[in-house]
Amino acid sequence: MAQQSTTATRRVTLTVNGERQTLDVEPRVSLADALRDEAGLLGVKLGCEHGVCGACTVLVDGAPVRSCLTLACRVDGRQIETVEGLASGPALNELQEAFRRHHALQCGFCTAGFLMIATELLRENPHPSRDEVVEAIGGNICRCTGYFNIIDAILDASASTNGKVHSE
Ligand code: FES
Ligand code: FES
């Protein structure tokens, strides 16, 4: 006899990259899984799934959040920003262009998380010092680049846009 699922789903309404989305998710589902599996936003990467690596970082009401540790139900009604919301159509934004110019990615698995952390940093502090950039990205792990190019890219984006990085 076929087994029936007894887990109830809950309806969650999010504004994701400016678009309202209604998702039906089980209470145990993380925001990362909801964004990837229900909303199709595969730019949200899952590395450690334990809150350590930062690959899954998205912005919730403008603040960086580890989406692997956040339940989708807990952010019902909130504004979510993911890496998919940074570019305007095919055109990369200034921060993404700076990452490209500075070779700030190799495998790219960590990149969405760094871009979202840097987006929030440059909104809050349009002209960060090198030390402030280092501190801001300190919770995100990159296994490829050695971090220097990521730091240079963020500083370059800040300088080349006079701190006004387009991000929405
Ligand atoms: S996947 Fe969320 S912090 Fe590593
Ligand atoms: S570019 Fe590979 S983990 Fe950062």
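Histidine 103 is exposed, with a relative accessible area of 59%. The model is a predicted one. Exposure here follows from the cut-off, because a residue counts as exposed when its relative accessible area is over 50%. Histidine 103 sits in the loop that links helix 2 and helix 3. Its sequence separation from asparagine 149 is 46 residues, yet the two C-alpha atoms are separated by 6.4 Å.

The helices on either side of this loop pack against each other. In general, two packed helices are described by the angle between their axes and the distance between the axes. Helix 2 spans residues 94–101 and helix 3 spans residues 111–124. Their packing angle is about 130 degrees, and their axes are 10 Å apart. Helix 2 and helix 3 are therefore oblique to each other. The crossing of helix 2 past helix 3 is right-handed. Helix 2 contributes Leu95, Gln96 and Phe99 to the contact. Helix 3 contributes Thr111, Phe114, Leu115, Ala118, Thr119 and Leu122. By class, six residues of this contact are nonpolar and three are polar, while none is charged.

The model also contains an open sheet of five strands. Their order is 2-1-5-3-4, and the pairing is mixed. Strand 2 and strand 4 (63–66) are the edge strands, each pairing on one side only. Neighbouring strands are turned against each other by 40 degrees on average, direction ignored. In general, strands of a sheet pair through backbone hydrogen bonds, either parallel or antiparallel. Strand 1 and strand 2 run antiparallel and are joined by seven bridges. Within this pairing, leucine 14 stands opposite glutamine 21 in strand 2.

Two helices can be placed relative to the sheet. Helix 1 lies across strand 1, strand 2, strand 3 and strand 5. Its direction is at about 105 degrees to strand 2. Helix 3 packs on the sheet as well, touching strand 3, strand 4 and strand 5. The direction of helix 3 makes about 35 degrees with that of strand 3.

Helix 1 covers residues 31–38, and its buried residues are Leu31, Ala32, Ala34 and Leu35. An α-helix has 3.6 residues a turn, so residues three or four places apart point the same way. The buried residues of helix 1 pack against strand 1 (10–16), strand 2 (19–25), strand 3 (57–60) and strand 5 (79–81). After helix 1 comes glycine 40, which has a positive phi near 75 degrees.

Conventions: Residues numbered from 1 in each chain as written. Chains lettered and ligands numbered in written order. Predicted model: local features only at pLDDT ≥ 70, side-chain atom pairs only at ≥ 80, totals over all residues. Heavy atoms only, no water. Buried < 20%, exposed > 50% of the residue type's maximum accessible area, 1.4 Å probe, protein only. Helix = DSSP H or I, 4+ residues; strand = E, 2+ residues; numbered from the N terminus. Contact = heavy atoms within 4.5 Å. Axes fitted to C-alpha atoms, helices over the stretch in contact; angles between N-to-C directions. Parallel < 35°, antiparallel > 145°, perpendicular 65-115°, else oblique. Left-handed = near helix turned anticlockwise from the far one by under 90°. Nonpolar A, V, L, I, M, F, W, Y, C, P; charged D, E, K, R; others polar. Pairing = 2+ DSSP bridges.
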